[in-house]
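User: Please take a close look at one part of this protein, the place where two helices pack together beside a sheet, and explain how that part is built and how it sits in the whole.

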Amino acid sequence: MAAGCHKLYPPEVNVQTSKRRYALVGTGARAGMYIGSLLDRHAEVGEVVAFCDPNGTRMAFYQRQVRDKTGQTPPAYHPRDFDRLLAEVRPDTVIVTSIDRTHHHYIIRALEAGSDAITEKPMTTTAEKCQAIIGAVRRTGRALTVTFNYRYSPRNAKVKELIQSGEIGEVLSVHFEWLLDTRHGADYFRRWHRDKRNSGGLMVHKASHHFDLVNWWLGDVPEMVFAMGGLRFYGRDNAEARGVEHFYSRAYGSEAAKCDPFAIDLAADPELRALYLDAEHEDGYFRDQSVFGDGISIEDTMAVLVRYEGGAVMSYSLNAHCPWEGYRVMLNGTKGRLEVDVVERSYVSGSVGDHKTLEQHHVEVDPSYGRGERAERPTLLLQKHWERAQAVPFEEGRGGHGGGDVRLLDDLFFGASDDPLGRAAGYLDGARSVLTGVAANQSLATGLPVNIGDLVKW
């Protein structure tokens, strides 16, 4: 290791002495976080040795990045040749960033071939696939890590620390409100996520982040779920009901899209153009579909009740069409109350520039969006019984997901150190968060509460 490299990470981290070999499955935008990290901050401990994706143009985009940085060009494999990748390349770890519905296939095959696996959330999309993953982990004894980066955000870690230390006593109830704005929230309705078969809907794809946070904060296991909601804002029917008369299927080449603040201009951003517009001739995937088009099968307005094995209850809401983005959490305990108030973006102007940023670049409030009352740092407010409320100081994270991304990547690639907060997430954490969303989907469909214990055999 080169002199001075210890400054890149905390001294207590046990850095591996030889490079681990990583294969990337799925080369869309999210893969860029892992690839960029292995080419920069974590280049001394890991390397990209193969790509797998149905789209050769997207793989070539990342192959060029690796070649320009290292002089080496990792081989590219089609998904039908994934087993051949495992046999020929023999990666130490497979990183799965493919479409959600395919996660289980690559996780299971990697584990069976003797590799460990790292998967983006959600771990998978259905109870059946979750069961298959649980079986594969136990059968092979290999490691599966789920990348819940919000656990690593300093503000969320502070919440865990306060609960764990007993500041509000035993937590009895949680109210959790998550707001996705008309830039980030709308993006799920332009992409493959809009088809529930691909993503499990936002109850699985997005809310698994939030369900995991509460599971981790409480140190508890979800037991019973009841949900209500639907597609109330996006989609053609809703737009027509509000008086919209001009529609288009995709933004590129559309005159109608030029007047739509929800449209995204792929040609205006070099990375979006390279990954999607220039690649769509291979697979016909359009990254810029209209959020008010046909064929959307996911919900945008949802409310959920969850009961935990320890007795706590949670009321949770997710809305994907808000004017600002962030979340509010209230935790009520036997000794008091803890309130979390986070503004991640104070408003969306509706200009073309608002929509060109990729999801993995989602960061804290950007001052260019205005300096209104919402454009302030996140706050934690603690109020014990018989005492005045007090603001709790915490380290302010920078970068993606409240500063969680860089800390997560350090854990993944440098190796996890002893952590009293237990931020590293395994397959059981991934399963419990996914199954909360799966149960919510089932409840949405039936109108009945769902017992999570009935969904899989642990």
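Analyst: A contact here means heavy atoms within 4.5 Å, and helices (H or I, at least four residues) and strands (E, at least two) are DSSP runs, numbered from the N terminus. The model is a predicted one, in which local features need pLDDT of at least 70 and side-chain atom pairs count only at pLDDT 80 or more, whereas totals for chains, interfaces and linings use all residues. Residues are numbered from 1 along each chain as its sequence is written, and side-chain values use heavy atoms, with hydrogens and water left out.

With that meaning of contact, Asn-156, Ala-157, Val-159, Lys-160 and Ile-163 of helix 6 meet Leu-213, Trp-216 and Trp-217 of helix 10. The residues of this contact divide into 6 nonpolar, 1 polar and 1 charged, where Ala, Val, Leu, Ile, Met, Phe, Trp, Tyr, Cys and Pro count as nonpolar, Asp, Glu, Lys and Arg as charged, and the others, Gly among them, as polar.

Two packed helices are described by the angle between their axes and the distance between the axes. The axes of helix 6 (residues 154-164) and helix 10 come within 8 Å and cross at roughly 30°; such axes are lines fitted to C-alpha atoms, for helices over the stretch in contact, and angles run from 0 to 180 degrees between N-to-C directions. Helix 6 and helix 10 are therefore roughly parallel to each other, a term that covers angles under 35 degrees.

The sheet beside helix 10 is an open one of 9 strands, with the order 14-13-12-11-7-10-9-8-15 and mixed pairing, two strands being paired if DSSP finds at least two bridges between them. Strand 14 (390-391) and strand 15 (450-451) stand at its edges with a single partner strand each, so one side of each is left without a neighbour in the sheet. Within this sheet, strand 7 (residues 171-181) and strand 10 (residues 313-322) pair in the parallel sense over 8 bridges, and Leu-179 stands opposite Asn-319 in strand 10.

Helix 10 (residues 207-218) packs on the sheet, where it touches strand 7, strand 8 (222-230), strand 9 (301-308), strand 10 and strand 11 (325-333), and its direction makes about 155° with that of strand 7. Helix 15 (residues 427-446) also packs on the sheet, touching strand 8, strand 9 and strand 15, with its direction at about 50° to that of strand 8.

As for the whole, the protein has 15 helices and 15 strands, and among contacts between residues at least 6 apart in sequence, 77% join residues at least 24 apart.

Note on methods. Angles under 35 degrees count as roughly parallel, over 145 as roughly antiparallel, 65 to 115 as roughly perpendicular and the rest as oblique.
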